[in-house]
Amino acid sequence: MAAAVPTWSKVVAAIGCIVVVGGCGLRSASGAVLEARPGIIQHYDSLEGVQITVAAKDFTEQLILGNMLSTILSTAGADVTNLTNTPGSFGVRQALLNGDADVSPEYTGTGWINYLGNEEPIKDETAQWQAVNEADQSNGLTWLTPAPMNNTYAFAIREDAAERLGVTQLSDLRKLDKSELTFCVESEFANRNDGFVPMLQTYGLTRADLGRVTTLDTGVVYTATANGDCNFGEVFTTDGRIPALNLRVLDDDREFFPLYNLTEVVDTDLLSKHPELAEIFAQLNPRLTNEAMLALNAKVDNDGEDPALVARDWLIEQGLVS
């Protein structure tokens, strides 16, 4: 695969609703949607009785976002089926294409590269969103204006090591001694044609310039970096383990990594009949920043809280619902 995409998907059991895939399509085993009262997001009489199915993937961030969208739409008046915890990116994508789902939280880079098959990402956030939205119109899907949050690849370092080495961005790596250029990366990223080696080349380095490079499973990279097994660990920018382990994400100042801005993908026919959906999500999306998502993910991954409750509590804190 030619473009970077976060590969976090792991089956998460007994959280939210369990998804069953059968010959008749996707269905929720529980259909649980946490209720709330209107806040900034108001009740719409036009959505009364409108059936909307939300599908989201099966990793922490998507569990939170899927429940968030379900609560918002229910508060706005829709009759919501919650298919959060659908296995894998392509499970959600197929549900949208088949009409088994109407709305999904998704990432512009995933749409452009993985679903639509483009090899070259577009570096500008707005242009990337516009391109994926235009291309997906032929599939009957509309991508709404995205949030600021961008869940892409990055490298992180322990805060104390960052201070000692004086690094804040990836271009700072060239000034370090070889002995300090120790990396922990996952195997897929280490070998991708748009992964570790091309990233090094973008920043004027080669493998020969580095010290030790250790290949680990994704989850182990975070703890290995925090424990000092390496100075620089490959991470995803909204992972809750970053603040929990006191890691600092280095700025990708030469913009190597593709953009994965979050937005809602909505069935175009549904949106045409109910343009108020765009208005609803336009009140949510500007609030979804990397900092906000880091904190929400940490509540689930580090504190053991339920993603549906985390989602609703945050919506209440923001005044979007009450």
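In which helix is Thr 71 found? Thr 71 is found in helix H1, and the legends below begin with that helix, as it appears in this predicted model.

**Figure 1. Thr 71 and Ser 70 in helix H1.** The view is centred on Thr 71 of helix H1 and on Ser 70, which lies in helix H1 as well. Thr 71 is buried, with a relative accessible area of 1%, and Ser 70 counts as buried because its relative accessibility is 0%. Leaving aside neighbours within four places in sequence, Thr 71 is in contact with Val 33, Leu 34, Ala 36, Arg 312 and Leu 315. Ser 70, with residues up to four places away in sequence not counted, touches Val 33, Val 54, Val 80 and Asn 82. Val 33 therefore appears in the contact list of Thr 71 and also in that of Ser 70, a residue buried at 0% relative accessibility.

**Figure 2. Strand E3 and its pairing with strand E4.** Strand E3 covers residues 51-56, and five of its six residues are buried, so the strand is largely enclosed by the rest of the structure. Strand E4, residues 79-84, runs parallel to E3 and is joined to it by six bridges. Within this pairing, Val 54 has Asn 82 of E4 as its bridge partner, and both Val 54 and Asn 82 are among the residues that Ser 70 touches.

**Figure 3. Helix H12 and the elements that cover it.** Helix H12 has twelve residues, 290-301, which at 1.5 Å a residue should span 16 Å, and the distance of 16 Å between its end C-alpha atoms agrees with this. The buried residues of H12 are Asn 290, Ala 292, Met 293, Leu 294, Leu 296, Asn 297, Ala 298 and Val 300. What covers these buried residues includes helix H1 (60-75), helix H9 (241-244) and helix H13 (307-317).

**Figure 4. The largest cavity and its lining.** A search of the whole structure finds one cavity of 30 Å³ or more, and the largest cavity holds about 30 Å³ of space. Its lining is made up of Ser 89, Val 92, Arg 93, Leu 96, Glu 106, Tyr 115, Trp 143 and Val 265. By class, these residues divide into five nonpolar, one polar and two charged. Helix H2, residues 89-98, gives the most to this lining, with four residues.

**Figure 5. Leu 141 in strand E6.** Leu 141 is found in strand E6, which comprises residues 141-143, and counts as buried because its relative accessibility is 0%. Not counting residues up to four places away in sequence, Leu 141 touches Arg 93, Leu 96, Leu 97, Asn 133, Asp 136, Val 265, Val 266, Asp 267 and Thr 268. Arg 93, Leu 96 and Val 265, which are among these contacts, are also among the residues that line the largest cavity. Leu 141 and Asn 246 are 105 residues apart in sequence, and their C-alpha atoms are 39 Å apart in space.

**Figure 6. The largest pocket and Asp 252.** About 310 Å³ of space lies in the largest pocket. Of the 17 residues that line this pocket, the closest to its centre are Asn 150, Thr 152, Asp 251, Asp 252 and Leu 259. The lining has eight nonpolar, four polar and five charged residues. Asp 252 lies in the loop between strand E11 (247-249) and strand E12 (262-267). With a relative accessibility of 18%, Asp 252 counts as buried, because buried is taken to mean under 20%. The contacts of Asp 252, not counting residues up to four places away in sequence, are Leu 170, Tyr 203 and Phe 257. The C-alpha atoms of Asp 252 and Asn 285 are separated by 23 Å, the two residues being 33 residues apart along the chain.

**Figure 7. Positive phi values at Asn 85 and Glu 255.** Most residues other than glycine have a negative phi. Phi of Asn 85, a residue other than glycine, is nevertheless positive, with a value near 90°. Asn 85 is found in the loop between E4 and H2 and counts as buried, at 7% relative accessibility. Glu 255, which is not a glycine, has a positive phi of about 55°, and its place is in the loop between E11 and E12, the loop in which Asp 252 also lies.

Note on methods
Residues numbered from 1 in each chain as written. Predicted model: local features only at pLDDT ≥ 70, side-chain atom pairs only at ≥ 80, totals over all residues. Heavy atoms only, no water. Helix = DSSP H or I, 4+ residues; strand = E, 2+ residues; numbered from the N terminus. Expected span 1.5 Å × (residues − 1). Buried < 20%, exposed > 50% of the residue type's maximum accessible area, 1.4 Å probe, protein only. Contact = heavy atoms within 4.5 Å. 1 Å grid on protein atoms, 1.4 Å probe; cavity = no way out; pocket = protein on both sides within 12 Å on 5 of 7 lines; lining within 4 Å. Points joined across faces, edges and corners; volume = space filled by probe spheres on them. Nonpolar A, V, L, I, M, F, W, Y, C, P; charged D, E, K, R; others polar. Pairing = 2+ DSSP bridges.
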